[in-house]
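User: I'd like to go through how some labels get assigned in this model. Can you take me through the reasoning?

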Amino acid sequence: MSAIDARDISKRYGTVTALDRVSLTVESGEIFGFLGPNGAGKSTFLNLMLGFTHPSAGSISVFDYDCQHEGVMARERIGVLPEGYDVIDHLTGRQHIEYAIEAKQIDDNADPLNVLDRVGLTEDAGRMATEYSKGMKQRLVLGMALTGEPDLLLLDEPTAGLDPTGAAELRSIIREENERGATIFFSSHVLEQVEAVCDRVGILQNGTLIAVDTIQGLRGSLGGGTKLEITVDSLQNGTLNTIQEIEGVETAVTPDNSTIEATCTNDAKMDILVGLRDAGIDVVNFRTQEASLEDMFIEYTETDQSHNNNTNHDNADHGVTNASGKKKENNHGSQSGEQSEPAEESTAESESGLESGVPSE
């Protein structure tokens, strides 16, 4: 059974398309990273899963429960760590966990101190949560999300406010939750955190899902993405051309008179070194580095943005015409026969359930 199944889901606010025919399946037991720049549509996707807003087209389900028509049953399987939450006034840390236990209708024998211990807040259980630091508040709401051992954890920017030690502890908790069988849906801008724990990642850009793969698969689709830095005794005229002509080399530059930096496929690394030797150039040292998730994220999003800009430029120059020869508007993301929905405000809807980290019933 899939944990998350989105099928051609679109969301429009008036003339703005927040999501455009997104299809995504996250298998039960996966740790899935959801990436995208600000405004890409990530929060809209999460709100659709939680039933806080309704799709303009398509459907989304959690463990086979339709999030719009069976939202209560879907949310019973979910624990949420939202972005931009706030703690509840006049409640201690312990009372926050007790509130989560009651809201989720968990066994009366559940001990809030066990949860607080997992997130490192046992000693501060009796303090008012409004007195907590930002990182402590983040850990408290994570504890509320963990309460009741949900089958699906939705973590939106979970490392916000955490120091390096706190971020490492969060990764450990994510792995522990996954080992007990939970599915993790991890939305973040901190790409190294995603790379450290996720099985697969999806990249959302301008409401469109432009890539879904493993980290290694993304590297492969970008031509390998290996960076090779070579130190030589001295460069000669034509050295750079020699490297650039080798099959599998994507880029090659010389930042100084003794260094060559090349991006190439894995198979081309040895060919570069052999080519330098054949050219009579002594290699003093070399090191390789695979492209990071951040490198790949930038390349994917910049490539997609460049494609969109070129498409928009072509449409502006040539127009999009119908059979009568008249220019028509480009309603990208809508389906024939659909009418645009009036703009709606989902902020209040989302905050009602997201502020506390407990999905609304």
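Analyst: Sure, here are a few labels and the values behind them; keep in mind that this is a predicted model.

User: Why is threonine 92 called buried?

Analyst: Buried means under 20% relative accessible area, and threonine 92 comes in at 11%, so the label fits. Threonine 92 sits in the loop between β6 (78-81) and α3 (93-103). Leaving aside residues up to four places away in sequence, threonine 92 touches Ala125, Gly126, Arg127, Met128 and Ala129.

User: What makes the pair of phenylalanine 32 and phenylalanine 185 stacked?

Analyst: Rings pair if their centres lie within 6.5 Å, and planes under 30 degrees apart count as stacked. Here the centres are 5.7 Å apart and the planes are at 10 degrees, so the pair is stacked. Phenylalanine 32 belongs to strand β3 (residues 31-35) and phenylalanine 185 to strand β8 (residues 183-187), so the pair ties together parts 153 residues apart in sequence.

User: And which label does the pair of phenylalanine 34 and phenylalanine 185 get?

Analyst: That one is tilted, with 5.0 Å centre to centre and 45 degrees between the planes. Stacked needs under 30 degrees and edge-to-face over 60, so 45 degrees falls to the rest. Phe32, Phe34, Phe45 and Phe185 form one aromatic cluster.

User: How do you know that the charged end of arginine 77 sits over the ring of phenylalanine 63?

Analyst: The distance part of the rule asks for CZ of Arg within 6 Å of the ring centre, and the charged end of arginine 77 is 4.2 Å from the centre of the phenylalanine 63 ring. The rule also wants CZ within 35 degrees of the ring normal.

Notes. Residues numbered from 1 in each chain as written. Predicted model: local features only at pLDDT ≥ 70, side-chain atom pairs only at ≥ 80, totals over all residues. Heavy atoms only, no water. Helix = DSSP H or I, 4+ residues; strand = E, 2+ residues; numbered from the N terminus. Buried < 20%, exposed > 50% of the residue type's maximum accessible area, 1.4 Å probe, protein only. Contact = heavy atoms within 4.5 Å. Phe/Tyr/Trp six-rings, centres within 6.5 Å; stacked < 30°, edge-to-face > 60°.
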